[in-house]
Amino acid sequence: MPLLTAAAVSLVLLQSAGERIAAEEQARLEACLAKIETDPDDAYEDGLAWLYQGNRPGARQCTAMALIALGHQAEGAERLKNLANSTDGGTLAQRAAYLSQAGNAWIEADDPDSALQAFDGALKIAPDAPELLLDRASAHMLLENFDKAIEDLDAVLLRVPDHAEAYQMRGAAWLAKGDPDKAMLDVNAALEANPEDINTLVLRGQVREALRLQADAGGPIERIETD
């Protein structure tokens, strides 16, 4: 067999082997993530066993997600952030996903500052992703950065005009800023997109009360606290 032909055959075999290994690891990761939904303890043990076999990225993601499900959100988030920044962290899309998952775990852990850093990192990779913008807006809301939250939610609605959750969150931000009129416009838009959303229905009651207080006072109201 000519040398060039042999080299070409070897390359094809290597590619085939690499694709097979990648497919096997993806299947193992999907199985682990599915198990987290029903038995996070067992999923964590599976992840540890996988780690001992080679410290693969999928194993690190599996154990991090299992830790989050087990109530160790901050530790899981830190592991996901480290995975996103590692040399074998995968594609840019995968790294953005790890940072998004880390950010949401930090939200659960009541650490919006760390969450905001994670979402900022994810948006550097995927600056136009509506769900990442929505995630970052949630961190801004928790930090009472209402103007920045509104900016992110404006960007979401520019890309997805009927995004009910974005309207609901922006309405909450306007209410927190003491502008129930704008809040009600967003509440109505959110209900048009999703009439049954309980969070929007609760917000509507809060906005109506704020409008009543504003009318009784004869002018704009001061910023009020919302849950």
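Asp-110 sits in the loop that links α5 (92-108) to α6 (112-125), and it is a convenient place to enter this structure, which is a predicted model. The backbone at this position deserves a second look, since Asp-110 has a phi near 60 degrees, a positive value in a residue that is not glycine. Its relative accessibility is 63%, and because the cut-off for exposed is over 50%, Asp-110 counts as exposed.

A positive phi also occurs further along the chain, where Glu-144, again not a glycine, has a value of about 60 degrees. Glu-144 belongs to the loop between α7 (130-142) and α8 (146-159). With a relative accessible area of 44%, Glu-144 is partly exposed, because this value lies between the 20% and 50% limits that separate buried from exposed residues.

From these loops the reader can turn to the interior. The largest nonpolar core is made up of 48 residues, and within it Met-141 and Val-207 are the residues with the most contacts. The greatest contribution to this core comes from helix α9 (residues 164-176), which supplies 8 residues. Apart from this core lies another one, of 12 residues, which includes Leu-29, Ile-36, Ala-43 and Ala-66.

Which residues is Val-207 in contact with, once its neighbours within four places in sequence are left aside? They are Leu-175, Pro-180, Ala-183, Met-184 and Val-187. Of these partners, Leu-175 falls within the residue range of helix α9 (residues 164-176), the helix that gives the most to the largest core, so that following the contacts of Val-207 on the model leads back to that helix.

Methods:
Residues numbered from 1 in each chain as written. Predicted model: local features only at pLDDT ≥ 70, side-chain atom pairs only at ≥ 80, totals over all residues. Heavy atoms only, no water. Helix = DSSP H or I, 4+ residues; strand = E, 2+ residues; numbered from the N terminus. Buried < 20%, exposed > 50% of the residue type's maximum accessible area, 1.4 Å probe, protein only. Core = buried A, V, L, I, M, F, W, Y, C linked by side-chain atoms within 4.5 Å. Contact = heavy atoms within 4.5 Å.
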